[in-house]
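Subject: Structure handover

Hello,

I am passing on the structure below, and my notes on it follow. Please keep it open while you read.

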Amino acid sequence: MTTRPRASLRRILDDLGSTVLDVAASPGDLDAEVTGVHIYDPLDELLLPAGGLLLAVGVEGAESICDLLEAARAGSGIVVKQPVAADERVRTKVLETGVAVLGLTRAASWAQVAALLRSVLAEDDLTEPGQEPPDDLFSLANALCALLDAPVTIEDRSSRVLAYSGRQDEADPGRIATVLGRQVPEVYRRMLDEQGWFRKIYQSPGPVYLALFDTLPRVAIAVRSGDEILGSIWAAVREPLSEQREWALIDAAKIVALHLLRQRVGSDTRRRLQADLLSTILEGGRDAAEAAGRLGVASERLCVLAAQLTGTHADAAQSESDRQRFCDALALHVGAIHPKAAAALVGSVAYALLPLHASGEEEARAVRVAQSFLSRVGPRHSANIGVGRLAADLGEVARSRADADRSLRVLRSRGGSGQVAGYSDVHFESLLLQLGDLAAAEAQMPTGPYHRLLHYDAEHGTELAATLGAYLDSFGDVNAAAAAVHVHSNTFRYRLRRLTEISGLDLADPEARLAAMLMMRIFGRRH
């Protein structure tokens with residue numbers, strides 16, 4: 001097996017930029033080969049292979065960094081969370097060991113940077129030494145068409161057409177419908193599934209000949225990476241392939257697998273990098289401007305949108321896939337509105353950074369953009385979107401992000417989906433939720449008249465707190481309040497007298513009414 005150099009520290013820093021990683025101390029050039037990414041565990045013996053890049057989780061201070069450099073002499077570098085204590089002792093130890101010290105921005109998590117670095121390294125594992133990347137899938141399909149003398153399609157696991165060759169007009173109506181729709185028609189997919197053809201293709205190490213009713217026969221082969229099925233190749237033939245052509249199809253499947261893996265790794269890397277850059281912008285701080293430049297987004301008059309799916313899926317992988325597709329749709333939507341907009345998935349929330357023209361109603365405009373997006377994806381994705389206030393520049397984006405998060409939280413507290421809220425519209429509800437957080441954090445309990453009502457209800461099985469709530473919600477309209485709790489107005493008046501006697505609440509006092517209403521909103525109507 002031929003070995004070749006993998007990514008160097010310099011290449012990694014060029015790819016990721018100083019927004020994510022920067023050099024705290026260097027032994028000189030940064031051309032050291034990086035062979036892998038490893039996580040430091042102080043409870044385990046450190047066995048770092050040559051060229052390993054060590055993520056120094058929890059390591060801080062010059063003395064600890066020096067000790068780790070001594071233990072990691074075989075490695076190419078160590079990564080420490082910023083700010084890095086790179087004093088004279090550390091710089092001396094770096095020169096002595098030849099191991100670089102890199103600083104990781106505080107906005108990035110260790111899990112993020114580990115995945116990001118491994119994706120960058122994985123890109124170099126997909127080609128052999130001296131091998132050029134294969135042509136695009138359409139070129140591969142056309143080349144295979146010439147080798148097999150048959151029209152070819154390359155499909156993913158969901159029977160979506162990724163590429164197709166020429167000469168499709170020589171096939172049958174089913175193939176023409178597949179190419180035009182870029183998807184195998186449902187009737188054919190169901191037939192193939194019910195007859196067990198998909199299972200046979202995915203289990204077979206080589207091509208499978210399918211003699212199908214009312215269509216040309218097909219030869220299909222699974223495209224796989226190890227045990228993972230990536231897709232399949234289909235040729236519309238008139239007779240079984242010769243042995244030579246079968247081997248050509250087997251070789252082609254390996255090349256297609258390589259291409260699909262490269263596409264996936266490249267896509268994953270771009271998504272992770274975009275998420276890290278957008279996270280840096282949303283955090284604010286000194287690195288936001290560079291991150292905005294690398295991401296190509298605007299730096300003035302920005303609104304942050306925080307979008308989250310409301311439905312959950314039992315399959316965690318499916319849920320993550322749904323969130324990513326939802327985020328991709330959001331990125332496409334805001335990108336069509338402004339070329340310097342951006343969106344990325346951060347945790348379970350899809351954030352979008354939307355530049356807006358000066359109009360005096362920027363937040364309302366962002367709300368309309370969000371509503372338009374939800375109306376488009378509603379049949380496929382149930383979601384809510386919170387919209388932050390306008391950020392005049394990058395320095396205010398963190399505040400707009402906090403606004404959007406709080407707006408989204410208000411929508412979650414209401415229940416339901418398909419809702420959009422601007423922060424200005426839900427400001428008071430957001431403040432009440434924050435008051436509730438403060439009360440919960442300090443283990444505070446209801447007091448005064450409201451506490452006495454709750455205590456009485458708990459002891460006697462009455463509903464006096466609910467009666468008070470209905471009265472306040474109806475602005476003192478006894479008839480409306482009585483109808484809300486489904487009792488006669490005289491019964492309701494009797495309950496009002498009882499609750500004032502028991503609690504000591506003066507309903508004629510506006511301050512007392514406000515205090516009771518706030519207690520109900522913060523602590524709930526049952527405690």
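**What was found**

Ala-443 counts as exposed, because its relative accessibility is 59% and anything over 50% is placed in that class. Please keep in mind throughout that this is a predicted model.

**Backbone points**

Ala-443 is also worth a look for its backbone. Its phi is near 55 degrees, which is a positive value in a residue other than glycine. The residue lies in the loop between helix H14 (427-441) and H15.

Ser-159 is another non-glycine residue with a positive phi, here about 65 degrees. Its loop runs between strand S6 (152-156) and strand S7 (161-164). Is Ser-159 buried or exposed? Ser-159 counts as buried, since its relative accessibility is 4% and the buried class covers values under 20%.

Phe-475, which follows H16, has a positive phi as well, near 55 degrees.

There is also a cis peptide bond to note. It joins Gln-82 and Pro-83, and omega there is about -5 degrees. Pro-83 sits in the loop between strand S4 (77-81) and helix H3 (88-97).

**Helix H16**

How is helix H16 placed relative to the rest of the structure? H16 covers residues 464-473, and 8 of its 10 residues are buried, so the helix is largely enclosed by the rest of the structure. The buried residues are Leu-464, Ala-465, Thr-467, Leu-468, Gly-469, Ala-470, Tyr-471 and Leu-472. What they pack against is a set of helices: H15 (448-460), H17 (478-484), H18 (489-503) and H19 (510-523).

**Helices H13 and H14**

Two packed helices are described by the angle between their axes and the distance between the axes. For helix H13 (residues 397-414) and H14, the angle is about 80 degrees and the axes are 9 Å apart. The range for roughly perpendicular is 65 to 115 degrees, so H13 and H14 are roughly perpendicular to each other.

On the H13 side of the contact are Arg-406, Arg-409, Val-410, Ser-413 and Arg-414, and these meet Glu-429, Ser-430, Leu-433, Gln-434 and Asp-437 in H14. Sorted by class, the contact has 5 charged, 3 polar and 2 nonpolar residues.

**Salt bridges**

The count of salt bridges comes to 22. Three of them are described here.

Arg-73 forms a salt bridge with Glu-70, and the closest N and O atoms are 2.9 Å apart. Arg-73 counts as partly exposed, with 36% relative accessibility. Glu-70 is also partly exposed, at 36%.

Glu-70 has a salt bridge with Lys-93 too, at 3.0 Å from N to O. This pair links distant parts of the chain, 23 residues apart: Glu-70 belongs to helix H2 (residues 62-71) and Lys-93 to helix H3. Lys-93 counts as buried, with 17% relative accessibility.

The third is in helix H13, where Arg-399 forms a salt bridge with Asp-403 and the closest N and O atoms are 3.8 Å apart. Why are Arg-399 and Asp-403 separated by about one helical turn? The reason is that they are 4 residues apart in helix H13. Arg-399 is partly exposed, with a relative accessible area of 32%, whereas Asp-403 is buried, at 0%.

Elsewhere, salt bridges that share partners join Glu-70, Arg-73, Lys-93 and Glu-96 into one network.

**Cysteines**

A disulfide is a covalent bond between the sulfur atoms of two cysteines. How many disulfides are counted in this model? The count comes to 0. Cys-303 is in no disulfide, and the nearest cysteine sulfur, that of Cys-327, is 18 Å away. Seen from the other side, the sulfur of Cys-327 has its closest cysteine sulfur in Cys-303, and at 18 Å this is too far for a bond, because a disulfide needs the sulfur atoms within 2.5 Å. Cys-303 is buried, with a relative accessible area of 0%. Cys-327 counts as buried too, at 3% relative accessibility.

Regards

Definitions and conventions. Residues are numbered from 1 along each chain as its sequence is written. This is a predicted model: local features need pLDDT of at least 70, side-chain atom pairs count only at pLDDT 80 or more; totals for chains, interfaces and linings use all residues. Side-chain values use heavy atoms; hydrogens and water are left out. Buried means under 20% relative accessible area, exposed over 50%, partly exposed in between (1.4 Å probe, protein chains only). Helices (H or I, at least four residues) and strands (E, at least two) are DSSP runs, numbered from the N terminus. Contact means heavy atoms within 4.5 Å. Axes are lines fitted to C-alpha atoms, for helices over the stretch in contact, and angles run from 0 to 180 degrees between N-to-C directions. Angles under 35 degrees count as roughly parallel, over 145 as roughly antiparallel, 65 to 115 as roughly perpendicular and the rest as oblique. Ala, Val, Leu, Ile, Met, Phe, Trp, Tyr, Cys and Pro count as nonpolar, Asp, Glu, Lys and Arg as charged, and the others, Gly among them, as polar. A salt bridge is a side-chain nitrogen of Lys or Arg within 4 Å of a carboxyl oxygen of Asp or Glu.
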